[in-house]
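Reader: Could you take me on a close look at the empty spaces inside this protein? I would like to know what surrounds them.

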Amino acid sequence: MDPVRNPFSPSAGSQPPELVGRSAILEQSRILLGRVKQKKCEKSILLTGLRGVGKTVLLNEIERLAKREGYQTVLIEAHENKDLRSLIVPHLRTLLFELDRIAGMSNKLRRGLAVLRSFVSGLTITIKDVTLGLGIDPEKGAADSGDLEIDLPNLFVAIAEAAEDRGAAVAILIDEVQYLAQKELGALIMAMHKIQQKDLPLVLLGAGLPILPGLAGESKSYAERLFNFPDIGALTQDDAFRALKKPVKDAGIDFEASALKEVYRLTKGYPYFIQEWGYQTWNLATERVITLQVVEEATAEVIPRLDKNFFRVRFDRLIPSEKRFLRAMACLGSGAHRAGDIAEILDVKISSLSPLRSRLIKKGMIYSPAYGDMAFTVPLFDEFMMRVIPEFKTFSKKENL
């Protein structure tokens with residue numbers, strides 16, 4: 001088939017040609033956006049799920065939905081090396097000036113800018129070597145305490161009141177929420193608590209790894225009363241088949257039943273992997289029906305691509321002791337495993353693994369689905385570990401974990 005016409009999109013965050021199996025969460029988001037716009041209380045949403053399930057795709061789709069509903073949106077991606085204040089300020093500045101462009105400067109809009117200026121305080125925000133200014137004096141005593149858990153709620157209230165004054169609503173969307181520092185996550189939760197108390201038109205929609213509900217609960221005990229945490233998992237077999245068949249149908253192409261079953265077996269229903277296999281089967285197919293043989297040929301292309309581009313980038317961030325810990329987990333197969341079983345394979349005391357386990361959780365490589373259990377955050381990573389470290393060695397008794 002012509003590679004230029006290939007409908008599949010195996011890229012991080014790319015919109016798949018057919019978004020399937022996610023109608024429930026999109027409907028939940030539609031209801032949230034509609035109710036908040038009408039000043040009716042509704043929990044904000046923090047999506048959770050493993051790597052490769054399409055959380056970023058869903059967040060982008062929810063942003064499009066919010067814009068269609070008339071929301072002003074801010075979409076940012078958290079990461080380990082930048083604080084929340086630096087990430088969000090340029091976007092809030094743009095949002096406030098957009099409200100000004102729509103309806104002109106009002107007292108509440110001017111106050112929103114003044115509070116944002118106070119929030120920035122001594123922080124210098126630079127984008128592409130251009131320092132951002134607000135052209136307005138700060139409002140003393142508002143969001144300038146230096147304590148994020150005090151200042152961020154005040155800033156969100158000022159932003160929401162400015163939007164309300166303009167007849168608008170605001171949706172703040174944050175990807176990779178698990179990378180926020182505990183203080184930053186706590187400040188976000190407190191800000192949304194204050195927004196709900198005042199029935200203001202601002203919603204928070206985020207996405208992160210399965211550790212996110214636990215992080216939120218540890219930060220603020222009332223987080224579960226402010227947010228829904230829908231789990232975004234693998235696709236069902238029927239949805240996976242649709243994700244493969246529908247994109248190629250317009251080109252007059254179809255999948256053999258055995259080919260579909262083999263792709264589902266290999267991908268376990270994870271959307272990113274479905275796109276990879278779909279992409280390669282299209283490129284290798286020479287007939288109008290994609291057969292099992294084509295899938296088998298595609299697998300020989302997909303596995304090295306995944307190893308190099310999807311798995312390796314995470315593996316290369318690990319130190320040797322972390323790699324051996326994950327290799328020991330891989331010995332036990334997919335799914336969740338008891339920490340004691342991992343310690344037994346490594347031939348160490350279970351208590352000695354705590355620092356190592358904490359580092360791997362912080363790096364987003366594993367999570368704890370239940371007390372004492374560990375599981376990979378990256379689907380099929382156990383198979384990759386078996387390929388990249390075919391021979392397993394336990395720790396040296398003298399080695400510092």
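**Cavities, a pocket and a helix pair**

Author: Happily! The largest cavity in this predicted model has a volume of about 110 Å³. Its lining is made up of 13 residues, and those closest to the centre are Val36, Lys40, Cys41, Gln196 and Leu200. Two elements, α6 (182-197) and β6 (202-208), each give two or more residues to this lining. Of these, α6 has the largest share, with three residues. By class, the lining of the largest cavity holds seven nonpolar, two polar and four charged residues.

That space has company, as the structure holds two cavities of 30 Å³ or more. The second largest cavity has a volume of about 40 Å³. Around this second cavity you will find Leu46, Ile174, Val177, Leu185, Leu188, Ile189, Leu204 and Phe227. What classes do the residues of this lining divide into? There are eight nonpolar residues, with no polar and no charged ones. Here too α6 deserves your attention: this helix gives the most to the lining of the second largest cavity, with three residues.

If you follow α6 further, you come to a pocket. Along with α7 (212-219) and α15 (354-362), α6 supplies at least two residues to the lining of the second largest pocket. About 510 Å³ of space lies in this pocket. Its lining counts 15 residues, of which Gln178, Ile211, Leu215, Ile361 and Lys362 are the closest to the centre. In this case the largest share comes from α7, which provides four residues. The pocket lining divides into seven nonpolar, five polar and three charged residues.

Before you leave the model, do look at a pair of helices as well. The axes of α9 (residues 237-249) and α10 (residues 257-267) come within 10 Å and cross at roughly 115 degrees. Angles of 65 to 115 degrees count as roughly perpendicular, and α9 and α10 are therefore described as roughly perpendicular to each other. Their crossing is right-handed. On the α9 side, the contact is made by Gln237, Ala240, Phe241, Leu244 and Lys245, while α10 brings Leu260, Lys261, Val263 and Tyr264. Sorted by class, the contact of α9 with α10 has six nonpolar, one polar and two charged residues.

Note on methods
Residues are numbered from 1 along each chain as its sequence is written. This is a predicted model: local features need pLDDT of at least 70, side-chain atom pairs count only at pLDDT 80 or more; totals for chains, interfaces and linings use all residues. Side-chain values use heavy atoms; hydrogens and water are left out. On a 1 Å grid over the protein atoms alone, a cavity is a set of points where a 1.4 Å probe fits but cannot get out, and a pocket is an open set with protein on both sides within 12 Å along at least five of seven lines; lining residues have an atom within 4 Å of a point. Grid points are joined across faces, edges and corners, and a volume is the space filled by probe spheres set on the points. Ala, Val, Leu, Ile, Met, Phe, Trp, Tyr, Cys and Pro count as nonpolar, Asp, Glu, Lys and Arg as charged, and the others, Gly among them, as polar. Axes are lines fitted to C-alpha atoms, for helices over the stretch in contact, and angles run from 0 to 180 degrees between N-to-C directions. Angles under 35 degrees count as roughly parallel, over 145 as roughly antiparallel, 65 to 115 as roughly perpendicular and the rest as oblique. A crossing is left-handed if the near helix is turned anticlockwise from the far one by less than a right angle, and right-handed if clockwise. Contact means heavy atoms within 4.5 Å.
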